[in-house]
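Biologist: I'm new to reading protein models. Could you walk me through a few features, one by one?

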Amino acid sequence: MREVREWTAHAERIVRKRRDPVVVQTLRSATAATIAYVIALRLSPEPAPLTAPLTALLVVQVTLYATITNGFRRVNAVVTGVLVAIAFSLLVGLTWWSLALLLVASLAVGRLVRVEEYVPEVAISAMLVLGVTTVGDTAWARVVETLIGAIVGLACNLLLAPPVWVEEAGESIEGLARRLRQLMLRMGEEAAGGTPVHRAEKQLHEARRLDHDIVEVDAALRQAEDSLRLNPRVQDSVLHRVVMRTGLDTLEICTVVLRVLARSLTDLAKEREPEPQFEAETGAALAQLLSEIADAVVSFAVLVTTHLSASAESAEERLAAELRTAAGTRDKLALLLREEAERDPRHWQLPGAVLTEVNRILDELDTEHRTRRLFEELDRVSREQRARMPRLTRLRERLGVTEQMWRNRAGFDGRSR
């Protein structure tokens, strides 16, 4: 039985590794570069047409959207550099001052043609072409090799379809929610037992470090958003992107509020040391409330990363029940904090700040708040799409694909999913 479990775990690791971005990128890039070189050997007059595999390496990306956008920009950069070199070759030869002028002109033209990160490629292409005696032949060969590399890179992503990284982004979002949950549980336990200042400061530092986790999750979500664009295997890609993006925004706000809450508890520990921050009953109520909010945060993350309607409905019901329970505990805590402030009015503003901050988290997780936020974001995306692509928008409207259909597909009937 143990051997079966080990074999299963090993198989799962292999499957995950096959979907790892580094592995996928390496295999796709190597395949595209090799094919581009073989084709360029037959079509280019150069004996070693390395521009083709170089272009393929730079064009091929993990997602189809990134491949297309990078491919067009790179071809634009190389062809622009070749044209600049041809223009210079008709006027001057290769000297130190002509090289300096060539670099300045290439970088300036690269900015004008908007090749973004490939601006240096304009200058590189111009230098390579200008440095050869037979400028006309070399320029033509370099353009041909660049086109071969770009076409092969695009074809590799069309034939070897890149994965959709929604699952990985969802795991990152849920991982962030679980780290938030663990920190909330520790903060609640410490508040119930009376937190020494040094432990309160440690929790504050841990809350601040969550900013790094937000950056990592944002990068994973951006990759998932790119993998959904121009992907024929995915329907309602805009809806998927909006749901997950607004979900991460909510968790980011909760992270900021949690950091402020940790600061309030730290300040309270400093002011009341060596006494505990709260009386026993109040501390227990705060610990219970933070535990319930922590569970709701995880349920919220599961909700925004679940795309099956049945599972989403179950996750929403669980979240709503947890928020109702937390709201009841919050009301109980508010009463206890008021009574405690009446008995000991010292530093009353700090317990009040604690109550304000847990209220903010509850408000951010509220399903009605999320529904309103999703509608606003869908409306914004729709307006931007109409402004950017009016003809495509009119065609979609003629075909009956409207914003209301987006909302219906999301399961919006006065609810968040």
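**Salt bridges and packed helices**

Modeller: Sure! Keep in mind that this model is predicted. Let's begin with charges: the structure holds 12 salt bridges.

Biologist: Why can such pairs form?

Modeller: Side chains of opposite charge can pair when their charged atoms come close. Here, Arg181 and Asp295 meet in a salt bridge, at 2.9 Å from N to O. Arg181 sits in helix α8 and Asp295 in helix α11, so this pair ties together parts that are 114 residues apart in sequence.

Biologist: Is Arg181 buried, partly exposed or exposed?

Modeller: Arg181 has a relative accessible area of 25%, so we call it partly exposed. Asp295 is partly exposed too, at 27%.

Biologist: How do α8 and α11 pack?

Modeller: Helix α8 covers residues 166–193 and helix α11 residues 280–304; they pack at about 175 degrees, with their axes 8 Å apart. Angles over 145 degrees count as roughly antiparallel, and α8 and α11 are therefore roughly antiparallel to each other. Their contact has 19 nonpolar, three polar and five charged residues.

Biologist: Which residue forms a salt bridge with Glu279?

Modeller: That's Arg343, with the closest N and O atoms 2.5 Å apart. Glu279 lies in the loop between α10 and α11, while Arg343 is in helix α12, 64 residues apart. Glu279 is partly exposed at 36%, whereas Arg343 is exposed at 51%.

Biologist: And which residues make a nonpolar surface patch?

Modeller: Ile35, Ile39 and Leu43 make one of about 250 Å². Ile35 belongs to helix α2 and is partly exposed, at 37% relative accessible area.

Conventions:
Residues numbered from 1 in each chain as written. Predicted model: local features only at pLDDT ≥ 70, side-chain atom pairs only at ≥ 80, totals over all residues. Heavy atoms only, no water. Axes fitted to C-alpha atoms, helices over the stretch in contact; angles between N-to-C directions. Helix = DSSP H or I, 4+ residues; strand = E, 2+ residues; numbered from the N terminus. Parallel < 35°, antiparallel > 145°, perpendicular 65-115°, else oblique. Nonpolar A, V, L, I, M, F, W, Y, C, P; charged D, E, K, R; others polar. Patch = residues over 30% accessible without salt bridge, like charges linked within 9 Å, V, L, I, M, F, W, Y side chains within 5 Å. Areas by Shrake-Rupley, 256 points an atom, 1.4 Å probe, with all protein chains shown as cover. Salt bridge = Lys/Arg side-chain N within 4 Å of Asp/Glu carboxyl O. Buried < 20%, exposed > 50% of the residue type's maximum accessible area, 1.4 Å probe, protein only.
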